[in-house]
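Q: Please take a close look at the contacts in this one, starting inside a single chain and working out to where chains meet. Keep it casual, but give me the cut-offs as you go.

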Number of protein chains: 2
Amino acid sequence: MRIDELETPCVVIDLDRVEANLQRAQDYADKAGLRLRPHVKTHKLPRFALRQMELGAVGITCQKLGEAEAMADGGLRDIFLPYNILGAAKLDRLHALHGRVTLSVTADSAVTVAGYAARFTDAGHPLPVLVECDTGAGRCGVQDAAQVVALARQIAAAPGLVFRGLMTYPPRGGQQASDDWLAQAIAALADVGIGVDVVSSGGSPDLYKAAGLKVATEYRPGTYIYSDRMQVAFGHGMLADCALTVRTTVVSRPTATRAVLDAGSKALAADLCPSPGHGHIVEYPGAVITGLGEEHGHVDLSDCPTAPQIGEVVHVIPNHACVVSNLFDMVYLVQGGFVVAIETVTSRGRLT
Amino acid sequence: MRIDELETPCVVIDLDRVEANLQRAQDYADKAGLRLRPHVKTHKLPRFALRQMELGAVGITCQKLGEAEAMADGGLRDIFLPYNILGAAKLDRLHALHGRVTLSVTADSAVTVAGYAARFTDAGHPLPVLVECDTGAGRCGVQDAAQVVALARQIAAAPGLVFRGLMTYPPRGGQQASDDWLAQAIAALADVGIGVDVVSSGGSPDLYKAAGLKVATEYRPGTYIYSDRMQVAFGHGMLADCALTVRTTVVSRPTATRAVLDAGSKALAADLCPSPGHGHIVEYPGAVITGLGEEHGHVDLSDCPTAPQIGEVVHVIPNHACVVSNLFDMVYLVQGGFVVAIETVTSRGRLT
């Protein structure tokens, strides 16, 4: 099928750009001596996760249990789930998944560790647990080295658990300070005789600065596979690297300076980024998507030398590719003007 | 099943509130002499669309062809699709739908009308077309009465089409000026001998002011069925009227003033509203959801006299209920602490 036969709006993914983005990152990580454990939240496709493994990734990262289950179904065999898994129902599912794949998780509280310890009791097949550290991003994570030590001890004391190491999502631009924070925690752990196998950092924006990290052993980039307008605004690559676009039709031209697209917040998501508007229209770089209805994108053409006609199809690089993947049941993989595969987004909507 | 057995995050919908919201609006419309044609984009459930019809609606409104097809599959028989439908594939689908249900559409350009006229040629079963008017909201729509007349003539001249009337989405608070705009267009049409059957206005925020409208014959409220934080901020009802909440678990308490929920932008959507943050936590009204990761909601508890514990379940009224419906494959209908039905959101993800 030719790309121009696709109904709009739809997601098209440029396979050559995907391959270039993956290869570039793996080459960099290999040279830097960092193991890559890509975050699949961006693409949500076993096909691409398997390709990331082929290229040299040591495993994958999933952000929800349901996402991890879908990836296990898709043939992935080493999954890191950096999330506090709580509650009997989810712990049962986690236990089942632990029987299927090489699994590791995180905890940032005694409550979470106690839940794992109660459900996982087989010392012959313990669940590896990393301690999540808030190294400045203000998300989840323990706040200091003393808390790291306390949780590591609690994990080590549980027969069915094994302390694996530390995990953080560093603040953007604060990767180095984050690494220093982790180094202090590792020293504190060493003082009490606890060793650290894995130190996991992440974030696509600072991926190509990660060679300077001293203690990180693994890196979890996610968005780098597709990139998006936000990544470019953060200094990660160029618009020409962006592999995911939303194909959309101009359905209205109410005035000389206004166009309306058939892609709204249900197709582009409402996430903002440092660049103005709700996405970059490849064919009309001066256009600004000023607003989104659910099914309409409103475009200001004031700064465009030429303007699209009603019925014309354009391509939008979204502000945030990951949330767009979550909105579409299927995506089209394209190469040289042709659709070479249609992929169901198996992990889409896995909310629990 | 009891509500507290549900895994989080999930959407729970309070049936008593739904019923009260629907009944209140229908009663108001009946007294005002307005026909209701509810917009189903908010709930995306045939079950509720059928209930809206039972209560007295004259039909429903859908925003995408795929949504209309799903509603037709669900038993709805009178569907208004206020969208410029363009392209051979979509016109074929529209034609098929026209054979199944009582259908009407809109156009705001000669291009759109020409597409309808070429595909619909049966004078014995013409497609009703309304002209969409931009009465100040700056979305789709023709800009003045002369354009209305030109399009109405083009529609009337096509054997397989019939001119049905005018449609607008008025700017919030500008309902009355919008009505005046439409009155002028109706007068201009009368001057050339063209009558108007239907004048369709909409918008939940101003629903309870619609009795003052002079020319509108139909009204398309959408969000009123669930309401949400944005509606309340706009003056439509109270938080206690909101029927849709996201059940979510506190998965982390990194500091005394920070909590993290297992509901992020994939559950709550990133839409903003005049109230601060990304949703209202019913159990902790002083809490502010300051940020959303995809799978985490970050909560500032500084203004809360008490704080939730790790593992505690809370309910969030989202900023925008419609986009939340689009994120979940299924929703739980609840009454008196029990789940009374599990509904698949059949129109979710219908992007084309």
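**Contacts, inside and between chains**

A: In chain A, 67% of the contacts with a separation of 6 or more are between residues 24 or more positions apart; two residues are in contact here if their C-beta atoms, placed from the backbone, lie within 7 Å. Keep in mind that this is a predicted model, so local features need pLDDT of at least 70, side-chain atom pairs count only at pLDDT 80 or more, and totals for chains, interfaces and linings use all residues. Residues are numbered from 1 along each chain as its sequence is written, while chains are lettered from A and ligands numbered from 1 in the order in which they are written.

Now for the overall build. Chain A has 10 helices and 17 strands; helices (H or I, at least four residues) and strands (E, at least two) are DSSP runs, numbered from the N terminus. Along the principal axes, the C-alpha atoms of chain A fill a box of roughly 70 × 35 × 35 Å. The radius of gyration of chain A is 22 Å, which agrees with the value near 20 Å for a compact globule of 352 residues; the radius is taken over C-alpha atoms, and the globule rule is 2.2 Å times the number of residues to the power 0.38.

Buried residues make up 56% of chain A. A residue is buried if 20 or more other C-beta atoms lie within 10 Å of its own, exposed if 12 or fewer, and partly exposed in between, again with C-beta atoms placed from the backbone. Helix α3 (residues 65-73) of chain A shows this nicely: L65(A), E67(A), A68(A), E69(A), A70(A) and M71(A) are buried there. The cover over those residues of α3(A) includes α2 (46-55), β3 (60-61), β4 (78-81) and α4 (88-98) of chain A. Just after α3(A) comes G75(A), with a positive phi of about 105 degrees.

On to the core. The largest nonpolar core has 204 residues, and V129(A), L166(A), V324(A), V129(B), L166(B) and V324(B) have the most contacts inside it. A nonpolar core is a set of buried Ala, Val, Leu, Ile, Met, Phe, Trp, Tyr and Cys residues joined through C-beta atoms within 7 Å. Neighbours within four places in sequence aside, the contacts of V129(A) include V105(A), V113(A), Y116(A), I155(A), L161(A) and F163(A).

L166(B) also leads into the sheet of chain B, since its bridge partner in β8(B) is V199(B). Strand β7 (residues 161-168) of chain B runs parallel to strand β8 (residues 198-202), and three bridges join them; two strands pair if DSSP finds at least two bridges between them. Both belong to an open sheet of eight strands with parallel pairing, in the order β2-β9-β8-β7-β6-β5-β4-β3 (chain B). At its edges stand β2 (35-36) and β3 (60-61) of chain B, each with a single partner strand, so one side of each has no neighbour in the sheet.

A few backbone spots are worth a stop. K44(B), in the loop between β2 and α2 (46-55) of chain B, has a positive phi of about 60 degrees without being a glycine. K44(B) is buried, with 26 C-beta neighbours inside 10 Å. S227(A), in the loop between β9 (218-220) and α8 (229-233) of chain A, likewise has a positive phi, near 60 degrees. S227(A) counts as buried because it has 25 C-beta neighbours inside 10 Å. The bond between T8(A) and P9(A) is a cis peptide, omega about -5 degrees.

Finally, the meeting of the chains. Here 47 residues of chain B are in contact with 47 residues of chain A. On chain B's side, α4 (88-98), β10 (244-255), α9 (265-268) and α10 (321-325) each give two or more residues, with the largest share, six residues, from β10(B). That side has 16 nonpolar, 18 polar and 13 charged residues, where Ala, Val, Leu, Ile, Met, Phe, Trp, Tyr, Cys and Pro count as nonpolar, Asp, Glu, Lys and Arg as charged, and the others, Gly among them, as polar.

A rotation of 180 degrees with 0.0 Å of shift along its axis puts chain B on chain A (RMSD 0.0 Å), which is the relation of a two-fold axis. The fit is by least squares on the C-alpha atoms of residues with pLDDT of at least 70 in both copies. In chain B, A270(B) comes closest to that rotation axis, at 2.8 Å (C-alpha). The copies meet through the same surface, because 100% of the interface residues of chain B are also interface residues in chain A.
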